[in-house]
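User: I should like to go through this structure by question and answer. Please reason briefly each time and close with the value or name requested.

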There are 2 protein chains.
Amino acid sequence: MVNAAAKMLSEVKQQGRAVLTEVESKEVLKAYNIMVSAGYVATDPDAAAAIANRLTYPVVMKIVSPDISHKSDVGGVRVNLDSPEAVRSAFTDIMSKAKRQKPDAPIQGVLVDQMVTEGVELVIGATFSRQFGHAVMFGLGGIFVEAVSDVAFRLAPVTKEEALDMIKEIKGRSLLGALRGKPAVDVNAVADIIQKLSVLLIDHPEILEVDLNPVIASDSGAVVVDARMTLGEPKKVAETVYTSEEIVSSMKRIFAPAGIAVIGASGDPSKLGYSTVKNIIDGGYKGNVYPINPKAEEILGLKCYRSIKEIPDQVDAAVIVIPAKNVADAITALGEKGVAGAIVISSGFAEIGNTELQRDLVKRAIENRVRILGPNIFGIYYTPADLCATFCTPYTEKGPTALSCQSGGVGMAIIGYSRSQKMGVSAIVGVGNKCDVDEDDLIEFFGQDPNTRVIAMHVEDIKDGGAFVKAAEKITRQKPIIALKAGATASGERAAFSHTGALAGDDRIYSAAFKKAGVVRVSNLEELLDCARSLNKMPAPKGENVLIVTGAGGLGVLLADACSRHQLQLMTLEKDLDEAFRKFIPPFGATGNPVDITGGEPPETYEATIRLALEDDRIDALILGYWHTLVTPPMAFAETVIKAKQAAEAVKAKKPIVAALSGDVEVERAASLLEAHDVPAFPYSSERAVVVMSALYRWARIAGRVTP
Amino acid sequence: MVNAAAKMLSEVKQQGRAVLTEVESKEVLKAYNIMVSAGYVATDPDAAAAIANRLTYPVVMKIVSPDISHKSDVGGVRVNLDSPEAVRSAFTDIMSKAKRQKPDAPIQGVLVDQMVTEGVELVIGATFSRQFGHAVMFGLGGIFVEAVSDVAFRLAPVTKEEALDMIKEIKGRSLLGALRGKPAVDVNAVADIIQKLSVLLIDHPEILEVDLNPVIASDSGAVVVDARMTLGEPKKVAETVYTSEEIVSSMKRIFAPAGIAVIGASGDPSKLGYSTVKNIIDGGYKGNVYPINPKAEEILGLKCYRSIKEIPDQVDAAVIVIPAKNVADAITALGEKGVAGAIVISSGFAEIGNTELQRDLVKRAIENRVRILGPNIFGIYYTPADLCATFCTPYTEKGPTALSCQSGGVGMAIIGYSRSQKMGVSAIVGVGNKCDVDEDDLIEFFGQDPNTRVIAMHVEDIKDGGAFVKAAEKITRQKPIIALKAGATASGERAAFSHTGALAGDDRIYSAAFKKAGVVRVSNLEELLDCARSLNKMPAPKGENVLIVTGAGGLGVLLADACSRHQLQLMTLEKDLDEAFRKFIPPFGATGNPVDITGGEPPETYEATIRLALEDDRIDALILGYWHTLVTPPMAFAETVIKAKQAAEAVKAKKPIVAALSGDVEVERAASLLEAHDVPAFPYSSERAVVVMSALYRWARIAGRVTP
């Protein structure tokens with residue numbers, strides 16, 4: 001059967017055509033056991049009527065021509081024909097219209113097909129992109145897809161489970177349930193088509209675009225009523241030349257080198273070659289630093305070498321801060337010395353249009369097996385090695401978050417925010433033009449890095465989607481990856497021959513890739529940074545039961561609003577638990593969820609309720625709302641939370657806790673204290689605490705820690 | 001004609017019924033010139049067939065009974081009947097099913113009506129709430145409304161213009177345009193029904209709920225095909241007993257009193273009666289302060305009085321910090337003394353279930369013409385009078401934003417954020433239990449207050465929606481009102497007899513009220529605070545042309561993403577303007593929008609491009625993206641922006657400017673400097689700057705300053 005598809009596709013290609021007719025498309029689908037509506041092609045009115053008589057009236061008729069893919073546009077479709085006479089007259093009408101509007105189109109006849117009317121109109125499709133290969137789409141068809149673009153995308157291959165998940169994702173999913181007296185649609189049959197289509201695309205990647213529109217689904221199954229396919233060359237980006245092991249081995253040497261050279265080191269404090277050496281020293285790096293400068297003897301107290309080959313010891317990494325035109329030769333020299341990688345700070349490459357220079361760099365990197373970070377980056381920070389290989393200022397606050405950014409501008413925000421919030425980081429990496437090392441290499445490295453527990457990435461594009469997904473899905477069950485994809489709202493550049501292609505847009509494809517990879521997507525810089533700092537402090541929750549305990553009733557309501565917006569499930573308290581809370585709070589306080597302990601309460605009330613929440617096994621995560629009062633001033637609150645947390649953790653497993661603080665400026669100090677004890681805390685805010693808890697949950701669901 | 005509606009409604013009421021049949025509902029609609037599908041009631045099969053013969057087949061038949069409002073549920077609807085035989089048999093079928101399922105229901109017959117098939121299914125409805133009266137709904141009908149709740153609400157009365165706006169608001173609006181060869185729907189006819197329905201509701205407020213479902217609309221008009229109405233008593237909340245002038249006159253005396261008494265003043269530093277007096281003194285209040293305490297001679301150096309009546313001078317306002325049970329008598333004493341209002345800090349009223357005590361308070365307030373703020377509040381700040389009448393700490397940073405909050409917890413966040421951000425405020429007001437003074441009183445006062453240019457409110461509920469809308473819509477053209485409505489996601493308590501009522505929920509009704517009032521709604525505390533601080537710094541834009549100028553390309557992309565999410569229109573630069581920018585930036589910099597000046601540029605490039613943006617009349621608003629570099633450090637950037645702004649404002653009208661700053665911690669100081677020069681600035685952020693600009697635009701559109 002599958003051979004029938006290959007045969008049909010090869011015939012079309014031999015005819016030099018890119019677009020399959022409906023009839024041909026359906027033949028291909030049939031070869032993959034996808035149910036299509038039965039129908040036959042007629043070449044004269046009488047044959048059409050004869051076909052119609054064999055089917056059940058009413059029938060539909062559609063022009064068949066390789067040159068006419070938008071059949072309605074030329075008057076090539078007639079529906080609801082209920083007699084042989086109507087069929088005959090429709091045949092003549094369709095043929096004459098087609099000949100008038102497309103005189104040169106070869107016409108193979110008119111397809112006479114049964115009308116499928118009972119069921120829900122769906123659309124299933126596929127589109128191809130260089131970075132990610134095929135993405136498969138599912139949506140409600142007809143007016144729905146046109147009016148509200150209610151569609152879901154996944155990268156191929158799509159498993160049956162993922163297909164069912166796509167169906168659940170659309171907003172109009174209730175239309176597939178039992179409705180208005182009609183039984184529920186057989187979603188398994190629909191998922192089956194999605195899954196089989198994805199197999200077809202893997203077998204035949206030359207099918208660049210597919211529109212199955214409509215697919216009519218009912219309780220008795222799903223059938224493809226119209227279909228179109230486009231062929232072409234599935235040009236994918238070049239895949240990485242390195243194995244996973246090679247990547248990790250190089251990265252380990254680059255991030256924690258025994259010796260590091262600075263090519264273009266300088267004794268002139270106004271030069272980047274000076275600040276880079278100085279930062280490596282000031283950052284506390286314990287390995288050997290080798291400044292390279294043919295004209296200097298000593299720089300910042302370190303012996304200076306004229307070239308890399310003069311260095312007597314092993315060198316693992318080099319920072320490059322020389323003019324762009326000299327960088328490629330330096331890479332070759334590094335290769336000869338056996339250096340694992342270069343951190344190329346130098347700019348003047350693709351970012352200003354010098355693509356040729358950058359291509360040369362890539363060539364030399366591969367030839368010499370030297371990995372390149374950059375060019376055009378601020379450098380890298382890796383705190384476990386006390387390495388600040390950058391022209392910016394040192395940053396040495398150790399912690400388990402690794403951050404990367406494609407833009408230096410965003411990188412400076414990472415450094416500023418980190419310092420301001422005392423965020424503990426394992427690494428901050430600029431990837432810049434990413435001519436070689438990109439996100440998938442970093443994920444391979446941070447994935448296995450015991451110093452890294454959370455990965456946060458600013459991404460403008462992903463070069464090799466396949467490698468990214470492969471690297472990410474290996475580790476997202478262990479470590480959260482948070483991504484901010486910039487350019488989310490830029491208008492897609494995608495060719496939009498197909499309906500599916502038009503609906504795809506880069507952003508939907510990226511979302512599909514992040515889903516496949518298990519990456520938690522955030523929508524702006526502040527979310528990325530808040531999550532980067534907070535997720536490394538909290539354990540994964542064990543279940544979906546979130547509780548709010550608040551001293552400020554008003555803040556509790558706002559936190560509950562935010563939970564609902566961010567898909568956190570405020571648990572319903574069982575009677576005994578509700579009563580247990582009631583014991584600690586004034587009679588006019590509100591239990592339920594939020595638990596409102598009211599504003600006039602002393603630290604003891606916070607302590608008792610927080611301990612109860614942390615020690616009862618039914619509660620999985622805690623959101624605290626604080627109200628600055630004379631009875632419980634900010635620092636007393638912070639100390640109380642810490643005390644309760646420590647007491648609870650002595651007897652029970654850790655739970656994630658976040659806090660929103662309402663009060664005078666002293667709450668900022670209280671927030672810092674809480675942060676230092678692994679409670680992400682946000683002053684003057686009702687949303688941020690919930691956003692980071694929500695990101696934790698999104699990851700925990702991906703990682704299978706909780707079942708949604 | 002209109003009398004026919006009154007007659008029909010009164011008949012139904014006389015029969016002691018609350019629900020109108022379809023036939024009755026349509027009679028009422030016809031009286032208001034709303035087109036309904038023609039049809040007649042038959043009482044036997046032959047009559048039904050005779051009616052059908054007079055219409056055009058196919059016809060629809062529906063049971064008519066005051067006791068059966070969900071006709072389909074009892075098998076009371078048959079569609080697509082295409083012959084007299086089918087009609088006769090349907091009649092028998094409908095009657096027998098109805099009698100079997102609802103044996104006691106009085107049946108008036110079966111409605112035989114034409115099938116209206118050509119057109120788009122819509123739903124129009126109305127629901128009533130105590131606070132806001134009637135809200136009218138419009139949405140796409142059928143599966144659409146059921147699957148995605150794609151509906152728009154407005155408070156009655158709804159003008160034709162508002163009705164058209166409702167139609168534009170729904171996501172599926174494209175379904176009303178020309179589609180699939182069908183001409184566009186006559187939206188005027190649809191708007192007409194909405195507007196006329198709203199008139200009917202004003203005339204007959206006893207119609208509590210309406211479902212016109214479906215309304216079928218096509219290019220030739222719109223017709224109501226099924227209709228249902230429910231009657232009841234339109235219980236609205238009590239309206240305010242004060243005129244606008246009385247409100248303003250009292251508020252002026254309360255907020256800027258010539259003399260203020262503190263009832264319950266204390267010399268004991270642990271008491272609220274002490275901190276309240278101390279704060280009034282420390283805040284710099286210049287008027288007379290009269291501590292009242294029968295047991296003290298002097299408090300904090302001020303002569304103490306035993307009671308209010310002992311004070312020889314005029315007293316305009318009093319702060320009350322005595323036990324709840326004594327407050328009502330104090331109000332009476334204030335009335336006798338001619339005091340305008342009481343700021344009741346005391347708690348122990350409705351918030352802990354003492355509703356009786358609070359009702360007494362309201363009674364005394366009205367009897368004595370004393371306005372009450374609170375009870376259960378932290379007090380009020382009014383900086384133009386240097387008044388800190390609160391038990392919290394003083395806050396004296398003057399500026400044009402007035403804030404109010406229903407929750408003390410949120411109030412403390414306002415004070416902390418204000419102090420942290422040096423937000424200039426005219427007032428911070430707790431409304432607490434708002435037994436008397438509420439948001440509409442405050443809007444009346446701040447609306448006319450020359451010291452207030454922006455009003456920001458945290459609202460948990462609105463007592464008197466009519467007064468709120470009336471007060472707000474008077475001033476939103478002049479001053480923005482920003483509102484955070486808490487409890488936005490709480491499940492509605494609304495009775496859901498009608499489809500419309502079920503879809504309404506409190507939140508949609510509040511949104512409709514805010515729209516009517518011209519209030520800009522925000523969704524969390526940080527947005528409320530950011531907008532409160534920023535909107536008072538910026539002039540209204542003159543048009544929709546927003547430009548991003550950025551030193552960090554990556555930040556520029558994130559800002560553009562945010563603009564698209566927040567409905568800001570990134571203008572397309574005309575050729576001459578694009579070229580003008582190009583002159584200042586490196587050849588590899590990108591113009592277009594964002595204008596990316598690239599990261600290595602000195603202050604002069606920022607200055608030149610910012611001046612160009614501010615001085616070219618085609619650009620209406622400016623969003624700046626800054627990247628911390630050695631060439632242009634943070635403070636240099638801030639100074640450059642200020643210089644360019646001042647130079648431009650010397651020759652051109654002011655424009656709104658916001659800035660997003662990416663850099664090391666020094667950007668925090670740069671942000672403060674920019675803020676001090678009326679440029680809202682946000683470090684480590686890609687969204688907040690855009691959010692406040694977007695809020696400014698939302699207001700400017702409401703105020704008619706720009707045309708969307």
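User: In which strand of chain B does B:S662 lie?

Analyst: The model discussed here is a predicted one. In chain B, residues 657–662 form a strand, and B:S662 falls within that range. The strand that holds B:S662 is β29.

User: Is B:S662 buried or exposed?

Analyst: A residue counts as buried when its relative accessible area is under 20%. For B:S662 the relative accessible area is 1%. B:S662 is therefore buried.

User: Leaving aside neighbours within four places in sequence, which residues of chain A are in contact with B:S662?

Analyst: The contacts of B:S662 within chain B include B:L555, B:Y626, B:W627, B:H628 and B:V667. The list also holds residues of chain A. These are A:G409, A:V410, A:M412 and A:A413.

User: How much area is buried between chain B and chain A?

Analyst: The contact takes 65 residues from chain B and 65 residues from chain A. Carbon and sulfur atoms give 62% of the buried area. The total area buried between the two chains is about 4,900 Å².

User: Which residue of chain B forms a salt bridge with A:D664?

Analyst: Between chain B and chain A the count is two salt bridges. One of them involves A:D664, with the closest N and O atoms 2.8 Å apart. The partner of A:D664 is B:R419.

User: Which element gives the most residues to the side of chain B that touches chain A?

Analyst: Across the interface there are 31 residue pairs in polar contact. On the chain B side, α5 (143–148), α12 (408–421), β24 (481–485), α16 (525–534) and α17 (553–565) each supply at least two residues. The element that gives the most, with 10 residues, is α12(B).

User: How do the residues on the side of chain B that touches chain A divide into nonpolar, polar and charged?

Analyst: Each residue on that side of chain B is assigned to one of three classes. The division is 29 nonpolar, 21 polar and 15 charged.

User: Which helix of chain A gives the most to the largest nonpolar core?

Analyst: In general, nonpolar side chains of soluble globular proteins tend to be buried together. The largest nonpolar core here has 93 residues, and A:I623, B:L547, B:L661 and B:L674 have the most contacts inside it. With nine residues, the helix that gives the most to this core is α22 (residues 688–702) of chain A.

User: How many residues are in the second, separate core?

Analyst: The second core is separate from the largest one, and A:L547, B:A456, B:V522 and B:L525 are among its residues. Its size is 92 residues.

User: What percentage of the residues of chain A count as buried?

Analyst: Chain A has 22 helices and 30 strands, and its C-alpha trace spans about 95 × 80 × 35 Å along the principal axes. Among its contacts with a separation of 6 or more, 73% join residues 24 or more positions apart. Of the 708 residues of chain A, the buried share is 60%.

User: Which side chain makes a polar contact of 2.9 Å with that of B:E444?

Analyst: B:E444 is found in helix α13 (residues 439–448) of chain B. With a relative accessible area of 13%, B:E444 is buried. Leaving aside neighbours within four places in sequence, its contacts include B:S244, B:I247, B:V248 and B:A471. The side chain at 2.9 Å is that of B:K474.

User: How many residues apart are A:D113 and A:K26?

Analyst: The side chains of A:D113 and A:K26 meet in a salt bridge (3.4 Å, N to O), and both residues are buried. They also belong to a network of salt bridges that includes A:E22, A:K62, A:K71 and A:D226. A:D113 is in strand β5 and A:K26 in helix α2 of chain A, and the pair is 87 residues apart.

User: Why are A:E367 and A:K363 separated by about one helical turn?

Analyst: The side chains of A:E367 and A:K363 meet in a salt bridge (3.7 Å, N to O). A:K363 counts as partly exposed, at 47% relative accessibility. The separation is about one helical turn because the two residues are four residues apart in helix α11 (residues 355–368) of chain A.

Key: Residues are numbered from 1 along each chain as its sequence is written. Chains are lettered from A and ligands numbered from 1 in the order in which they are written. This is a predicted model: local features need pLDDT of at least 70, side-chain atom pairs count only at pLDDT 80 or more; totals for chains, interfaces and linings use all residues. Side-chain values use heavy atoms; hydrogens and water are left out. Contact means heavy atoms within 4.5 Å. Buried area is the accessible area (1.4 Å probe) that two parts lose on being put together, summed over both. A salt bridge is a side-chain nitrogen of Lys or Arg within 4 Å of a carboxyl oxygen of Asp or Glu. A polar contact is a pair of N or O atoms within 3.5 Å; within protein, one must be able to donate a hydrogen and the other to accept it, and residues adjacent in sequence count only if both atoms are side-chain atoms. Ala, Val, Leu, Ile, Met, Phe, Trp, Tyr, Cys and Pro count as nonpolar, Asp, Glu, Lys and Arg as charged, and the others, Gly among them, as polar. Buried means under 20% relative accessible area, exposed over 50%, partly exposed in between (1.4 Å probe, protein chains only). A nonpolar core is a set of buried Ala, Val, Leu, Ile, Met, Phe, Trp, Tyr and Cys residues joined through side-chain atoms within 4.5 Å.
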